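Hi everyone, thanks for coming. Please have the viewer open, and stop me whenever something is unclear.

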Amino acid sequence: MADADLPSSSATPKPLPQPARSQPTDTAEIVDCVVVGTGAGGAPLLARLAMAGLKVVALEAGPRHDARRDFATDEKAQEFLFWNDERLSAGRTPTSFGNNNSGTGVGGSTLHYTAYTPRPQPDDLRLRTEFGVGQDWPLAFEDLEPYYDELEHLLGISGPATYPWGPPRRRAYPLAPLPLNGAAQLMQRACEKLGIRTSPAANAALSARYYQEGIGWREACTNRGFCQAGCSVGAKASMDVTFIPLAEAHGAEVRAGCFVTEIERDARGHVTGVVYEQDGQRHRQRCRHLFLCAGAIETPRLLLLNRLALGSGQVGQNFMAHPGMQVWGTFTEEVHPFKAIPGALISEDTHRPAGADFAGGYLLQSIGVMPVTFANQVARGRGLWGPALRDYLRQYNHIAGINILGDCLPHPDNYLELSGEPDSRGLPKPRVHFSFHENEERLTRHAEGVMRRIWAAAGAEDVWAFSRSAHVIGTCRMGHSADAAVVNAEGRAFEVPNLYICDNSVFPSALSVNPALTIMALSLRTADAFLARQRRRNQ
Amino acid sequence: MKIPTTYPPGTVRALLDTPAVSPATRKALQQRLHASQQPYEPRFFEPAAFVLLRAVCQRLLGQADPPLVEVAYCIDTRLHLQQADGWRYDALPPDADSYQLSLRGLQQTAQARHGQDFVALPGPAQDALLTAFQRGTIEGKAWQGFDAALFFQDLLAEVTSLFYAHPLAQEEIGYMGMADLPNWTHIGLNQRDPREPEPTD
């Protein structure tokens, strides 16, 4: 597709000289749906569409792994799980990518997610109504609730019998909570003294063997503590052991190592197919419908590269990342922070803190940590080196942390754009501007105070705070109108009738909870809405 | 707080041969142990720059010569292979340029301050240069227009991560998470699985 054919856009810099590209091979087969990306956004809808009898093909940029055989209990050896192509982090509080939030391989970022699965609370979706800032979602909690319920039972979420926050659930979690590790016990003990309610967290790792229709038995968590470096047991509900096998059992085709570069359209502007690179060869896959589920960086990047669906001016805008400060302390007790799921204990008492000087709120989670991740944070956060570094890290087995996950408002100066720097494929690297503004700073200050009080009550020494941001959200927001949003509440692009987007890019607000469960819920909902529309058309 | 958590020398190496370590984990750790003990010819840096990088790593990690764990060769290999970790501060040049510039700058400033090569300086003088680098106050033409403090953070994070990925450094901090088969059953405070050794001072 020649650049000259495309309308110009102020959101896109002058394109880089493109490397000479051969004609793609083309089978001429037209499939019903192509899904780009196999993470929490792509995999659930892939399964749903395949189960409805559609011919679906998923294109995944990364490889397919055999986790049981290939995943080592070693952080460095597992770096292949991360999206390691360089992104440029700009702004006053630049956010980091790679192991912080970006995965690759069949299963996407769920290969290294921590599998925290709290539901948002209903007011999370009505931030503007409640506070007059940020955005409301174009759908309500009640629209997502049936999907949360379905997912919790399909994935086998381990969680408490009764959860102290949010609306009551129609069914209890299917499995008992995972055991509390040292960090969780320390936090629980201190919170009890301070009158802060806590609960074992909901987690998508199995506390007991679990059977799934269409998938089979999955084994229980062995407390390896390596969730963020890949689960070698199959206990963690990453997409490669849940929705992907389910989809494949129903005829979906998953092609690994396929990097999509072009989205082709006809004269009406409807998508006709995609062109992707696999092993250095270019291929075309024609389709009737396209689902972009490549995450909040690669999805808008693809749209910007292809100058597609840019009319709202919102593609790449509203970039958000959760304020995710961690507070670490040293304890006389042995903690062994690598053991068991890192975040076993949660509190949502800070969801809407009384007297807060900010909009939204945050949750608190106890955290264990793998040694290299911790050492990296000590280097960045404390700047220790030489003997001071070695001495501090000798305390590793006595370290425990708490972290928050807080709401983030959209700001005009937080956005993604294409840079002028080419990547190894000759495509422009994305540049992501991110700065905490007053709301994120106030929320973080409040949270730091609470976390320091908790660790003081637990008897911690040498307490320090590491300010960071987590998750990538919001670059193709959903909304009610084509002037203000890229997709509607069903994930369908306003400008391109056979283009759907489903990943964390469509979130209108950040939600003060981990996003994976909600991405999966949106994925199933998007698939159901699509299937209902197809049925109406066929009647 | 004085806490003994170091494992006796040999603990982790002995563990690697046990069934508590999976084949994939064993392979990764043994390869790393082996590679760090081999002679290494730099492929990205000039020989003099590589010697300087090695000296910087030694100070940052508080290591004597020969060091417990070599890390400079990993940086050289990464830059040679043009590998990245998913992101870079937009305010900094590409990693390869930032490394070259920093090493050139350290050498220049060492010469200006002491009339000697960085590698010939006594430890405290090297540390003073690295402290100025970390604070972004280091003087000299090479550093102009470069956010030295920001890159120092990247450099220190890379060096530190490489060090603590090594089984011998993990032994030092009493880490044996790699020996995770068949499972961990004693996960609470002050609990130790039977295969976990007593830490020593």
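I'll start with chain B as a whole, go on to its helices, and finish with chain A.

A word on conventions: residues are numbered from 1 along each chain as its sequence is written, while chains are lettered from A and ligands numbered from 1 in the order in which they are written. This is a predicted model, where local features need pLDDT of at least 70, side-chain atom pairs count only at pLDDT 80 or more, and totals for chains, interfaces and linings use all residues; side-chain values use heavy atoms, with hydrogens and water left out.

So, chain B. It has eight helices and one strand, with helices (H or I, at least four residues) and strands (E, at least two) taken as DSSP runs, numbered from the N terminus. The order along the sequence is α-α-α-α-β-α-α-α-α. Its C-alpha atoms fill a box of roughly 60 × 40 × 35 Å along the principal axes. Of the 201 residues in chain B, 53% are buried, where buried means under 20% relative accessible area, exposed over 50%, and partly exposed in between (1.4 Å probe, protein chains only).

Now zoom in on helix 5 of chain B, residues 95-114. How far apart are its end C-alpha atoms? They are 28 Å apart, which agrees with the 28 Å expected for 20 residues at 1.5 Å a residue; that expected span is 1.5 Å times one less than the number of residues. Its buried residues include B:Asp95, B:Tyr99, B:Leu103, B:Leu106 and B:Ala110. Among the elements covering the buried residues are strand 1 (87-89), helix 6 (123-135) and helix 7 (148-164) of chain B, contact meaning heavy atoms within 4.5 Å. Right after helix 5 of chain B comes B:Gly115, with a positive phi near 65°.

Two of those covering helices also meet each other. Helix 6 and helix 7 of chain B pack at about 110°, with axes 6 Å apart. That makes the two roughly perpendicular. For the record, axes are lines fitted to C-alpha atoms, for helices over the stretch in contact, and angles run from 0 to 180 degrees between N-to-C directions. Angles under 35 degrees count as roughly parallel, over 145 as roughly antiparallel, 65 to 115 as roughly perpendicular, and the rest as oblique.

Over to chain A, with another pair of helices. Helix 5 (182-194) and helix 10 (438-457) of chain A come within 8 Å, axis to axis, and cross at roughly 100°. They are therefore roughly perpendicular too. Residues making this contact include A:Leu186 and A:Met187 of helix 5 and A:Ile454 and A:Trp455 of helix 10.

Last, two loop residues. A:Thr95 lies between strand 3 (87-90) and helix 3 (127-131) of chain A. Is A:Thr95 buried or exposed? It is buried, at a relative accessible area of 1%. Its side chain makes a 2.6 Å polar contact with that of A:Ser469. A polar contact is a pair of N or O atoms within 3.5 Å; within protein, one must be able to donate a hydrogen and the other to accept it, and residues adjacent in sequence count only if both atoms are side-chain atoms. A:Thr95 also touches the other chain, with B:Trp87 among its contacts.

A:Lys236 sits in the loop between strand 6 (216-218) and helix 6 (243-249) of chain A. Despite its charge class, A:Lys236 is buried, at 2%. Its side chain reaches the backbone oxygen of A:Thr110 at 3.2 Å.

Conventions
Lists of a residue's contacts leave out its neighbours within four places in sequence.
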